Amino acid sequence: MLGLMQQGPLLISSLIEFASRHHPDGEIVSRRVEGDLHRSDWATVAKRSAQVAHALDGLKLSFSDRVATLAWNGYRHLELYFGVSGSGRVLHTINPRLHPDQIAWIANHAEDQVLCFDMSFLPLVQAVHARCETIKTFVALCDADKLPADSGIPGLISYEAWLAGKSQSYDWPSFDENSASSMCYTSGTTGNPKAALYSHRSTVLHAYAAALPDVMGLSARDSVLPVVPMFHVNAWGIPYSAALTGCKLVFPGPALDGKSVYELLESEKVTYAAGVPTVWQMLLGHMKPLGLRFSTLKRTVIGGSACPPAMIAAFNDDYGVDVLHAWGMTEMSPLGTLCTLKNKHGSLDHAAKMKIRLKQGRAIYGVDMKIVGDDGQELPWDGKQFGDLLVKGPWVVREYFKGEGGDPLKVDANGVGWFPTGDVATIDPDGFLQITDRSKDVIKSGGEWISSIEIENIAMAHPAVQMAACVGMPHPKWDERPIVAVVKRPGTEVSRDELLAFYAGKTAKWQIPDDVVFVDAIPLGATGKMLKTKLREQLKGYQLPGS
Ligand code: ADP
């Protein structure tokens, strides 16, 4: 017997329709490429999304055709989010920090038909447009009078001219909720990038889940600043969850330095922010010497790479801001776990609570996870044994776009396919996940594993350390031994021996690195993560002491 409830596909257009009806005056504030602050609201976003849809119809774009963006976080990008997907096309957000060759490769692989770009990326588009074989229309996200006369890009049109005169209402089509809605390429540190192709269903379910109190916990009372870019896994789904909850959105545009972010947090009375650790490092680095305080910020989600304990402590103890440590990946839309305490943790003392908050947190309903050993057998949730982390759920990839890289799923003894995350983790009896490493970064010493994240976290707690990256070096006896590459905080000093002594009592003796190498910078990838492959190349020729 079937249930007798109404059926309707879960579509992204329903989010913008809801937002315009139920919180039309909900604010959308954007710092623009031009440097000024622009103010919009959900009613206006809905109208202009409708104009985007009409503009795409005018180009005779078919269902599922790809529309690419090279854009910062801002109101025009938000309008494209809803106008492109809502009308049945696929929004392809390209990461502008990728190498131009990779951008051209990705645009061709995705068979993008249209490219909408912020004016700050004009030189980039000028460099690659001739190699983008499928793109027929280039749209500059600017006013008509800001369009350069001779850009060299054939048929370049301004976004405002493109929308002008189009109807502000659109009869959003209904279709299968499993249809593709947007796509995002992984950073491709190994081989060509692969694309996660999200669906309307996966996106709407993820938006619901993200808004839950123990997940992002967004509400109509929040003013939310996503520093995490809209070109990287849909800004962790915040634009969709914002439409659903009606929170105020504050977009930083290209100004991600500590001073600009701080000013925006204060002027727009931001209560909630989200971003990767490097951004918060810049913010705290700006605030500390000036003795600045937050007047409204209450919570911040930090994820994308491990959040150093010193940062959680600084936000929590010095500024009274709750840190929600989060873990996820492009292939997971991206949210997998968030670290919020349970009722039973209420009576723990501060130090015990902090120990839990360092972990990446508990699975969100909708994400199943398990850790397995080398033999594929599931490992217990004892918080000690670590293994390969596998996940499944309605917003986890089943396969990559165009079957790139073959079938990614690992089928278990019950015939169920699980996505191998490439991460190594422990899970404790309360279900708190702790990532110890990327599997390719794990350090194997004398048959035991050493967590590079733990070694880095200890170093980063030292006041003279700005950034630390731990890698394994070949060792004749132990197979590999850890060393830590360190960038010193400007104006501070620390010696190799002082730093090694700093490890005493903080980790097992045999896990203490064999050496410290001081470097000017740690190489970062397009998503702001440490590129350990590059670091290892830089350290070629390095000899471990005594090896
Ligand atoms: P890419 O895989 O292309 O580098 P993603 O943003 O999808 O880009 O990266 C996902 C990976 O980032 C995860 O598999 C994990 O290794 C790492 N990561 C994300 N969040 C955290 C976190 N809170 N702690 C540790 N590692 C994290």
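Colleague: Which element gives the most to the lining of the second largest pocket?
Modeller: In this predicted model, the second largest pocket is lined by 29 residues. The elements that each give two or more residues to this lining are α12 (309-319), α13 (350-357), β21 (432-438), β23 (448-450) and α14 (452-460). Among these, the greatest contribution, 4 residues, comes from α14.

Colleague: Which residues lie nearest the centre of the second largest pocket?
Modeller: The pocket in question has a volume of about 850 Å³, and its lining divides into 13 nonpolar, 10 polar and 6 charged residues. Of the 29 lining residues, those that lie nearest the centre are Lys355, Leu358, Gln434, Glu454 and Asn457.

Colleague: How many Å separate the centres of domain 1 and domain 2?
Modeller: The chain is divided into domain 1, which covers residues 12-255, and domain 2, which covers residues 444-538. When the centres of these two domains are taken over C-alpha atoms, the separation between them is 38 Å.

Colleague: Is Arg32, which meets Glu34 in a salt bridge, buried or exposed?
Modeller: The side chains of Arg32 and Glu34 meet with an N to O distance of 3.8 Å, and a salt bridge requires such atoms to lie within 4 Å. Glu34 has a relative accessibility of 37% and therefore counts as partly exposed. Arg32 has a relative accessibility of 14%, and because the limit for a buried residue is under 20%, Arg32 counts as buried.

Colleague: How many residues apart in sequence are the parts that Glu268 and Lys248 tie together?
Modeller: The side chains of Glu268 and Lys248 form a salt bridge of 2.9 Å, N to O, and both residues are buried. Because Glu268 lies in the loop between α10 (258-267) and β12 (272-275), whereas Lys248 belongs to strand β11 (residues 248-251), the pair ties together parts whose separation in sequence is 20 residues.

Colleague: Which residue forms a salt bridge with Asp514?
Modeller: Asp514 lies in the loop between α15 (496-502) and β26 (515-518), and its partner is in strand β25 (residues 479-488), so the pair ties together parts that are 33 residues apart in sequence. Asp514 counts as partly exposed at 22% relative accessibility, whereas the partner counts as buried at 8%. The closest N and O atoms of the pair are 3.0 Å apart, and the partner is Arg481.

Colleague: Which residues do salt bridges that share partners join into one network?
Modeller: A search of the whole structure finds 31 salt bridges. Through shared partners, salt bridges join into one network the residues Arg48, Arg76, Glu79, Asp143, Asp145, Lys146 and Glu160.

Conventions. Residues are numbered from 1 along each chain as its sequence is written. This is a predicted model: local features need pLDDT of at least 70, side-chain atom pairs count only at pLDDT 80 or more; totals for chains, interfaces and linings use all residues. Side-chain values use heavy atoms; hydrogens and water are left out. On a 1 Å grid over the protein atoms alone, a cavity is a set of points where a 1.4 Å probe fits but cannot get out, and a pocket is an open set with protein on both sides within 12 Å along at least five of seven lines; lining residues have an atom within 4 Å of a point. Grid points are joined across faces, edges and corners, and a volume is the space filled by probe spheres set on the points. Ala, Val, Leu, Ile, Met, Phe, Trp, Tyr, Cys and Pro count as nonpolar, Asp, Glu, Lys and Arg as charged, and the others, Gly among them, as polar. Domain bounds come from an automatic or database domain assignment. Buried means under 20% relative accessible area, exposed over 50%, partly exposed in between (1.4 Å probe, protein chains only).
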